[in-house]
Amino acid sequence: MSEHCSSLSRTVLLTELEAQWHREALEEAMHTEIRRTVGPFYHRESKPSLEDVFGLKIDDMWTIPGSGIWLWKLSGAPDPSDGGPLAHGNRPMKVRNTADIQIDAFIHQRYYPMIEALEFSGFFSRKRTLYATGLSIADRGGGINGKPNQTILPITSLAFELRIKETQGLSEEFRPFTDEPFLESIFGVQHSEGRFIRCALPAFNADQIWCKVDHIYSAETQYRGNRLVQHQQIHCIIEHEDPPKSVNISFWDKDIAIVSLFKQDYYIGLLCPIIVSKPSAKTFEVEYGSQTIAFVSCTTISPTNILASQLSVAYNNLGNLDYRRYAHRVYLDRCRADMINLALLVRVVAVSENMPYTKDSEILDRYALRVEDEKGTRDLTLWDKVGVQASQLLPGQLVLLDDLETHEEGGDVILNGSLEINTKFYNISAMTGIITSATLCKYTPLAQIPDAANRYCKARVVAATSAGNHMCDARDRLAATSLVHSICKRPIVFTDAPSDGSTSGKQLENPVDLYSFDCPSCGVANLDANTVESVFVLEFEIDDGTSSVCAHAAPAAANEIIGISPELFLHLPNTSEQQLALAKPVGQEFVLSLTSYCEPLSPETSLRIDAARPSSDLGVLSA
């Protein structure tokens with residue numbers, strides 16, 4: 001970092017995030033890999049799990065005589081791109097033999113109206129492909145020579161694939177069987193010049209939507225009425241409307257399984273969804289219900305388009321500049337209104353206290369963050385959980401913010417982040433993995449630390465002392481700790497504290513039992529005892545042979561240097577043992593993430609240790 005005054009080289013940043021990337025990529029692959037054969041259902045030892053996703057082809061459909069029960073005969077469906085465009089250089093993609101094994105499947109009664117409807121005449125006899133999960137089998141009897149007649153039980157976690165001639169990589173097997181007539185009669189759309197447009201009113205008399213997946217949110221547990229349920233939501237764009245509009249599709253409990261069949265940029269269609277809000281609303285709200293039938297179109301993007309999207313930014317269907325695939329750094333002076341999926345590498349200038357905002361009788365947490373980079377300064381608003389997490393950030397820290405949006409307010413461009421748009425941030429200054437990288441982390445001599453920068457150094461601890469006069473637990477005989485709110489890690493105050501600050505610097509006997517506290521930062525009064533904790537507030541003198549400096553330590557860094565938690569420190573029985581604990585790191589060498597910064601409204605430079613590891617950990621991977 002010594003070569004970048006307030007930035008971070010792409011190499012160092014990507015190296016630190018590599019482990020997390022691989023974990024998430026592996027998890028994604030585990031949940032999205034499609035099995036294109038029914039062979040696993042016949043394996044005695046390794047049956048498929050309920051989470052497996054299958055791509056299957058309907059070979060036949062019939063009823064059990066005299067019963068009115070419908071069945072499909074299914075086999076593995078070829079990948080739509082098999083035998084299509086060249087995958088790597090001049091090597092064609094392998095055509096997989098998937099149809100050598102078949103299995104019967106009971107059809108769920110939800111799909112019986114499709115079988116009987118005139119609009120779906122021939123739908124199941126055109127090499128129809130479906131994607132399904134949650135599959136299980138049973139012996140329905142009547143097998144030959146005593147062998148079980150394995151049959152897939154009825155399921156609703158499935159989506160029928162709709163194909164169009166323009167789908168890149170469509171195999172020759174499917175090319176004569178595309179679905180333009182069904183798209184027109186069921187959803188009233190047709191594909192033209194890379195997008196779907198409205199062409200007619202749907203002939204099928206039922207509620208329906210056809211939309212493009214924009215973002216898939218993670219499942220969450222929440223209360224629905226008085227019951228604790230699982231909820232997952234997909235945000236989509238209805239691009240054939242003029243202007244295009246947003247739609248949120250909600251899935252509840254067992255219906256969440258079907259979400260694993262969808263990916264970003266897929267088109268999905270729903271017949272008979274539950275309409276929650278009026279279509280005229282700014283964001284259309286629907287739910288996947290007990291009678292809903294799902295369709296999917298798995299379009300692909302050509303490699304040339306992907307490359308182009310990394311070098312330029314295009315408007316999405318709602319008129320926003322979409323930076324999702326943009327590969328270069330964006331500086332604050334380039335921010336303008338209506339940008340989405342924006343990533344920024346910035347330094348924190350200041351973090352506000354909570355400024356709650358009431359919307360539709362709901363109180364939302366709201367925090368303002370002022371950030372800067374080499375090109376400018378901007379204000380950022382973070383909402384709800386993301387804002388609460390960001391309240392722990394400290395001035396001067398280097399932060400990577402991902403998935404931000406912008407809007408214009410009073411002539412100024414305001415950046416916004418929230419859980420709703422999947423905003424994430426990474427505190428680069430506090431990452432211990434970078435400072436223990438022996439090959440990529442370059443250390444700066446203490447004598448060359450600039451006034452406002454983020455640097456790494458290697459130095460020995462000369463002394464550890466209390467960083468000031470703080471309100472703390474009476475067991476802390478050296479004032480080495482402070483009572484803070486566990487949510488924001490900021491100091492708390494007595495309820496109804498005098499404005500002159502006369503209650504600061506107190507050592508309190510059994511504080512959580514005998515006193516009542518407020519958190520000025522979060523705006524929370526009468527804190528629950530479980531949300532009050534002690535953190536170290538220490539100043540360390542460090543020396544690397546070029547200079548000796550004093551630096552405050554962030555709580556996590558102080559814990560690392562001292563080697564014990566504040567709670568264990570408070571349980572030490574006397575002053576002597578607490579003094580020995582503070583003296584333990586003296587003489588030891590650490591690698592440190594140092595932040596030099598100016599406090600808001602102060603011209604003086606401060607120095608803080610944001611992360612620390614023993615120098616013996618150099619080259620050791622850190623979680």
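**View 1. Helix α8 lies across β32, β39, β40, β41 (589-598) and β42, at about 50° to β42.** Here, contact means heavy atoms within 4.5 Å, and axes are lines fitted to C-alpha atoms, for helices over the stretch in contact, with angles from 0 to 180 degrees between N-to-C directions. Helices (H or I, at least four residues) and strands (E, at least two) are DSSP runs, numbered from the N terminus. This is a predicted model, in which local features need pLDDT of at least 70 and side-chain atom pairs count only at pLDDT 80 or more, while totals for chains, interfaces and linings use all residues. Residues are numbered from 1 along each chain as its sequence is written, and side-chain values use heavy atoms, with hydrogens and water left out.

**View 2. Under that helix, 5 strands close into a barrel.** Going round, the order is β32-β39-β40-β42-β41, with mixed pairing; two strands pair if DSSP finds at least two bridges between them. On average, neighbouring strands of this sheet are turned by 55° against each other, direction ignored. Zoom in on β40 (residues 548-553) and β42 (residues 605-614): they run parallel and are joined by 2 bridges. H552 stands opposite R608 in β42.

**View 3. Helix α10 (residues 575-583) has Q578, A581 and L582 as its buried residues.** Buried means under 20% relative accessible area, exposed over 50%, and partly exposed in between (1.4 Å probe, protein chains only). Looking down the axis of α10, the buried residues fall within an arc of 95°, so they line one face of the helix; the arc is that of the directions from the helix axis to the C-beta atoms. Their packing partners are β32 (453-466), β39 (538-543), α8 (555-562) and α9 (566-570). At the start of α10, check N574: one of its side-chain oxygens comes to within 3.2 Å of the backbone nitrogen of S576.

**View 4. Helix α3 (residues 180-187) buries F182, L183, S185, I186 and F187.** The cover over these buried residues includes β11 (189-192), β12 (195-198), β13 (208-216), β17 (267-271) and β20 (293-297). After α3 comes G188, with a positive phi near 70°. On the other side of the helix in sequence, D179 sits in the loop between β10 (158-161) and α3. D179 is buried, with a relative accessible area of 0%. Not counting residues up to four places away in sequence, D179 touches R126, R128, E161, L162 and R163.

**View 5. T129 lies in strand β7 (residues 129-133).** T129 has 1% relative accessibility, so it counts as buried. Leaving aside neighbours within four places in sequence, its contacts are L56, K57, A77, A159, F160, E161, R163 and F174.

**View 6. Two loop asparagines, N422 and N526, have positive phi.** Most residues other than glycine have a negative phi. For N422, phi is near 70°, and the residue is in the loop between β30 (412-417) and β31 (424-427). N422 counts as partly exposed, at 24% relative accessibility. For N526, phi is near 50°; look for this one in the loop between β37 (517-518) and β38 (532-536).

**View 7. Zoomed out, the protein has 10 helices and 42 strands.** Of its 623 residues, 45% count as buried. Among contacts between residues at least 6 apart in sequence, 62% join residues at least 24 apart.

How values were computed: A polar contact is a pair of N or O atoms within 3.5 Å; within protein, one must be able to donate a hydrogen and the other to accept it, and residues adjacent in sequence count only if both atoms are side-chain atoms.
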